[in-house]
Amino acid sequence: MDIDDLLAEVAIDSTPRETRDLQELTRCWVAERVAPEILQWPGETMDRVLERVRRQIELVEDQTGNMDPKTNFKLIVIQTELERFKFLVRSFLRARLKKIDTHPLHILNQHNASLASPRPLLSPSEHQYLTSHQALLSSHYSASFLSQFPASLQRLDDTTGGISMVDKPDEDRAVFVRCLRDVGEVWVEGTDRRFEMKRGDVWVVRWSAVRGWVGSGDCELI
Amino acid sequence: MYGEIGNKLVQHAKRTQSLAHLPPYQTEMVRAVAREARDLDKDVATILEPFAGSFNPSAEPATACALLVNHLCMRRNKRCLLAYHRVRTDKLEEMCWSGIDVLERQQQQSNKAGEGVASMGPDSNSSSLSPEEEEYVRQYSDLLAAYKGQWTDIDLTGSLEPPKDLFIDVRVLKDAGEIQTEYGAITLTKNSQFYVRQGDVERLIAQGYLQRLS
């Protein structure tokens, strides 16, 4: 640990929770939009943000009708900020939903595997959406044509013939990452590329090579 | 030839992706592809019958090859059908998200078609969705409404453009009646212009009642 780390820690503690949550949410939002895979559901941050959004909405509702120009102006500022927060959350949720809709079965498997860990991949409501949507789709398929197929071909997650029907996102897609801490040597699987990632560096790498560090917060996607 | 109709279906799906509306459901083709798969399955059964479960592929390479082709064709047909239906359901979901009432629109279209050209035969006033798809849309809208209900503060179907201003200029394209805002009620009459809060009128813009002025 050197002086930079110490300074960084002091800086983090002195910024208020709200600002850090906003940073966190923005980071999650950016990461979710560029990462090929769905990322962990940031439950605690989301709970805090949503709680604050709810309080601000109440405040706005309370204060409207107050004709004092000063509060009126304050309200406009609050509402503008609220709209921005709502946009962030909305866009974040929609980005996740889009991924859930594109690779439902794959994500469901991943989610079930992550259930044992303290932080599951999906939020409860996302999981519910995924399962009901999948149920809808498969009943639609079978009503439309699958029921007329031979029984051996009716499954949607068939893996016979060495090809799995379950579609996966492209984990080798290139992403831009910025290192927040020294990571050390990174090795890209399947190639003989090795390189050193230092704090502040920006790299274009395969997602599969840096996934772990993004998860642990050593790197951020940009 | 094997898989030819399946191919046509996929081409259809590809075309559908770039269309604004949903072309009619190809009931005939879907049926034909499913029938082909069933026939192939029967073929496989007849080929295998004389062997009574003790078929050795390396002893009979010709039969094995025929079987393989049949199997592959069945799988391919299934894929084609899945792809075709998936493209259509994706399209329908997109409409649900953007707040278009698909079923109502379908009805209007079929009514119009029915009034205009009655001589075009019984097909002209049928909906472009299959009955299964209509059911799917209904259930998906319910699902979406349930999911959205958990995020009432956020308004999930709202605009995905980052907000710049709290208030925007809008022009009224169609009479939309009176709306309640926190600054009082506004009566939206055609061709009038207002400076209103974006959150209040977002739905009306999406439904085509208002036009946003930049």
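These exercises work through a predicted model with chains A and B.

Residues are numbered from 1 along each chain as its sequence is written, and chains are lettered from A in the order in which they are written. Local features need pLDDT of at least 70, side-chain atom pairs count only at pLDDT 80 or more, and totals for chains, interfaces and linings use all residues, while side-chain values use heavy atoms, with hydrogens and water left out.

**Exercise 1. Describe the interface of chain A and chain B.**

Step 1. Count the residues in contact (heavy atoms within 4.5 Å). Chain A supplies 48 residues and chain B supplies 43.

Step 2. Take the buried area, that is, the accessible area (1.4 Å probe) that two parts lose on being put together, summed over both. Between chain A and chain B this is about 4,300 Å², with 65% from carbon and sulfur atoms.

Step 3. Look for salt bridges (a side-chain nitrogen of Lys or Arg within 4 Å of a carboxyl oxygen of Asp or Glu). The rule finds zero across this interface.

Step 4. Find the elements involved; helices (H or I, at least four residues) and strands (E, at least two) are DSSP runs, numbered from the N terminus. On the side of chain A that touches chain B, α3 (43–63), α4 (69–102) and α6 (124–144) of chain A each supply at least two residues. The most come from α4(A), with 16 residues.

**Exercise 2. Check the length of helix α3 (residues 61–97) of chain B.**

Step 1. The expected span is 1.5 Å times one less than the number of residues.

Step 2. Helix α3 of chain B has 37 residues, so it should span 54 Å. Its end C-alpha atoms are 53 Å apart, which agrees.

Step 3. Look just past the helix: Gly99(B), just after α3(B), has a positive phi of about 80 degrees.

**Exercise 3. Locate the salt bridge of Arg27(A).**

Step 1. The partner is Glu220(A), and the closest N and O atoms are 2.8 Å apart.

Step 2. Arg27(A) lies in helix α2 (residues 17–34) of chain A and Glu220(A) in strand β5 (residues 219–221) of chain A, 193 residues apart.

**Exercise 4. Judge the confidence in chain B.**

Step 1. Use pLDDT, the predictor's confidence in each residue, from 0 to 100. Chain B has a mean of 79, and 87% of its residues reach 70 or more.

Step 2. Among the elements of chain B, helix α4 (residues 102–116) has the lowest mean, 63, and helix α5 (residues 131–149) the highest, 87.

Step 3. Over residues 116–125 of chain B, pLDDT stays under 50. Where pLDDT is low, the predicted coordinates should not be read in detail.
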